[in-house]
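Visitor: Please give me a close look at one part of this model, the buried interior. I want to know which residues line it and what they touch.

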Amino acid sequence: MSEGQRIVRAYEPALRRLAASYEKSPAQREDLVQEMLLALLRALPRFRGESSERTFVYRVAQNRALTHLLRRPEASQELSAAEIDPRPGPEELLTQAQRRAALQAALLRLPLGQRQILVLALEDLSLREVGEILGITENNAAVRLSRARAALREIMEGP
């Protein structure tokens with residue numbers, strides 16, 4: 001298995017979650033995932049090990065997602081109710097799906113900067129890694145994360 005294949009296999013699920021925070025349409029989300037993966041494969045030869053592999057992958061993916069958004073200013077940032085998984089299942093699965101949908105919808109209502117930092121934090125990246133990905137200090141990342149969590153909480157608890 002090549003290095004590129006290994007990295008794609010390891011990070012594709014996370015990149016799919018990241019893409020979901022930028023695109024509500026399944027087709028556009030899939031396009032974004034493919035753009036992220038292609039950008040990552042193109043960027044791999046430039047990886048010099050100055051940061052962790054994980055930080056590098058997320059930085060490339062974030063940059064590609066931002067470029068994608070800038071190209072599509074007409075793209076809606078709201079999650080439609082139709083995107084909740086319609087398959088019947090146990091009540092607990094339905095509740096989890098609704099919570100995920102509510103969280104995703106709330107994330108999409110946040111300003112881009114707050115959305116970015118929360119999505120990265122939800123991926124269990126450290127504040128240092130988040131700072132490296134976004135090009136800010138670790139302390140600034142902590143402050144932004146705190147503010148973003150407060151804004152998310154307000155949206156989730158609001159009317």
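Guide: A residue is called buried if its relative accessible area is under 20%, exposed if over 50%, and partly exposed in between, using a 1.4 Å probe and protein chains only. The model is predicted: local features need pLDDT of at least 70, side-chain atom pairs count only at pLDDT 80 or more, and totals for chains, interfaces and linings use all residues. Residues are numbered from 1 along each chain as its sequence is written, and side-chain values use heavy atoms, with hydrogens and water left out.

First, the frame around the interior. The chain has seven helices and zero strands, where helices (H or I, at least four residues) and strands (E, at least two) are DSSP runs numbered from the N terminus. Of its 159 residues, 38% are buried. A contact means heavy atoms within 4.5 Å. Among the contacts with a separation of 6 or more, 68% join residues 24 or more positions apart.

The main object is the largest nonpolar core, which holds 40 residues. A nonpolar core is a set of buried Ala, Val, Leu, Ile, Met, Phe, Trp, Tyr and Cys residues joined through side-chain atoms within 4.5 Å. Two or more residues come from each of helix 1 (3–20), helix 2 (26–43), helix 3 (53–71), helix 4 (91–109), helix 5 (112–122), helix 6 (127–134) and helix 7 (138–157). The residues with the most contacts inside the core are L15, L18, M36, L40, Y58, I117 and L118. In soluble globular proteins, nonpolar side chains tend to be buried together.

L15 can serve as an entry point. Apart from neighbours within four places in sequence, L15 is in contact with V33, M36, L37, L40, V57 and A61. R17 is also found in helix 1, but R17 counts as partly exposed because its relative accessibility is 46%. The C-alpha atoms of R17 and V119 are separated by 8.5 Å, although the two are 102 residues apart along the chain.

V119 leads to helix 5, whose buried residues are R115, Q116, I117, L118, V119, L120 and A121. The charged end of R115 sits over the ring of Y22, 5.7 Å from its centre. The criterion for a charge over a ring is NZ of Lys or CZ of Arg within 6 Å of the ring centre and within 35 degrees of the ring normal.

The loop between helix 4 and helix 5 contains L110, which counts as buried because its relative accessibility is 4%. Setting aside neighbours within four places in sequence, L110 is in contact with R115, L118, A148, A151, L152 and I155. L110 and A148 are 38 residues apart in sequence, yet their C-alpha atoms are 8.0 Å apart.

A148 belongs to helix 7, where the buried residues are A141, L145, A148, L152 and I155. These cover an arc of only 90 degrees around the axis, so they lie on the same side of helix 7; the arc is that of the directions from the helix axis to the C-beta atoms. The face turned away from this buried side carries the exposed residues N139, R147, E154 and E157.

Between these two helices in sequence comes helix 6, in which E129, V130, G131 and I133 are buried. The cover over them includes helix 3, helix 5 and helix 7. Just after helix 6, G135 takes a positive phi of about 75 degrees. In the loop between helix 5 and helix 6, D124 has a positive phi of about 65 degrees although it is not a glycine. Most residues other than glycine have a negative phi. D124 is exposed, with a relative accessible area of 64%.

One aromatic pair remains to be placed, and the structure holds one such pair. The ring centres of F47 and F56 are 4.7 Å apart and the planes are at 40 degrees, so the pair is tilted. Rings of Phe, Tyr and Trp (its six-membered ring) pair if their centres lie within 6.5 Å; planes under 30 degrees apart count as stacked, over 60 as edge-to-face and the rest as tilted. F56 counts as buried at 14% relative accessibility, whereas F47 counts as partly exposed at 27%.
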